[in-house]
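Colleague: I am new to this structure and would be grateful for a close look at one part of it, namely the nonpolar core. Please also place that part within the chain as a whole.

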Amino acid sequence: NNCKFGLHGPIEVLSQLAVEAYAEDSLRCQGVRDDAMNMSYPEDDETHAFGEDEFLRLCLAKLGVGKVNEYDRLLSETACGHWAEELPCDAGKVSFHPFKDIEGYFKCWHLAAHSPRAWDAAMAAAPTPSLAPQRPEDDEATTI
C-alpha cells in the first residue's frame, strides 16, 4: 500500500505470492470488476466506476492477500496528501506523480537522478517494512 488513501496507480508493488493468488483465483473478483466497469451510477459514487488501482486493492483484499503500508519510500503524490504545492522530486522516493507534460516529467527526473543524498537519507530514516499482513483496524484508510 503506497498511499494513505489506499493503493495508488502511479506505482503498484506486489509480492510474488500476491500475483500467484490473483492468477489462481481472479474469477472471485468478477463482482469487483463489474463494479469497476459500471458507469451507470452518479459520479460521486466511489463504489462504482473506479480505476485499476482500486480494482486491484479490492480484489486482493477479497482474495485474502495482506498488505504492507510503505509510505516512506515508494511514492511522492499530491493526491495522497504528501505535498500541498509543487512535488519535491528530490525527496528520496521511487515514483513521483502527477506530471501532465513532458517538460515537468523530465525536470523532476533530472532532479531525482541528481539527488543521491536525499535517497540515502530517506533509506536510512525509513523503517524496514514488515512482511506480516496488517489488520484493517491498523489502517485508518481501510474501507474494506
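**The nonpolar core and its surroundings**

Modeller: Ala 36 offers a starting point: beyond its neighbours within four places in sequence, Ala 36 is in contact with Ala 49 and Phe 50. The model under discussion is a predicted one. Both Ala 36 and Phe 50 belong to the largest nonpolar core, which has seven residues in all; the others are Cys 29, Val 32, Phe 55, Cys 59 and Leu 63. Two elements each give two or more residues to this core, namely helix H2, covering residues 30–37, and helix H3. Apart from this core lies another, of five residues, including Cys 3, Ile 11, Leu 74 and Leu 75. In soluble globular proteins, nonpolar side chains tend to be buried together.

Helix H3 spans residues 52–62 and also holds a charged pair, Arg 57 and Glu 54, which lie three residues apart, about one turn of the helix. The side chains of Arg 57 and Glu 54 form a salt bridge, with an N to O distance of 2.9 Å. Arg 57 counts as buried, because its relative accessibility is 11% and the cut-off for burial is under 20%.

A search of the whole structure finds two salt bridges. Besides the pair in H3, Arg 28 is joined to Asp 25, and their closest N and O atoms are 3.1 Å apart. Here Arg 28 is partly exposed, at 40% relative accessibility, and Asp 25 is likewise partly exposed, with a relative accessible area of 28%.

After H3, the loop that leads to strand E1 (75–77) contains Glu 70. Glu 70 is a buried residue, its relative accessible area being 10%. In sequence Glu 70 stands 69 residues from Asn 1, yet their C-alpha atoms are 5.9 Å apart in space.

As for the wider setting, the chain has five helices and two strands. Read from the N terminus, these elements follow the order α-α-α-β-β-α-α. Of the 144 residues in the chain, 29% are buried. Among contacts between residues at least 6 apart in sequence, 60% join residues at least 24 apart. The chain exposes about 9700 Å², of which carbon and sulfur atoms supply 57%.

Key
Residues numbered from 1 in each chain as written. Predicted model: local features only at pLDDT ≥ 70, side-chain atom pairs only at ≥ 80, totals over all residues. Heavy atoms only, no water. Salt bridge = Lys/Arg side-chain N within 4 Å of Asp/Glu carboxyl O. Buried < 20%, exposed > 50% of the residue type's maximum accessible area, 1.4 Å probe, protein only. Helix = DSSP H or I, 4+ residues; strand = E, 2+ residues; numbered from the N terminus. Contact = heavy atoms within 4.5 Å. Areas by Shrake-Rupley, 256 points an atom, 1.4 Å probe, with all protein chains shown as cover. Core = buried A, V, L, I, M, F, W, Y, C linked by side-chain atoms within 4.5 Å.
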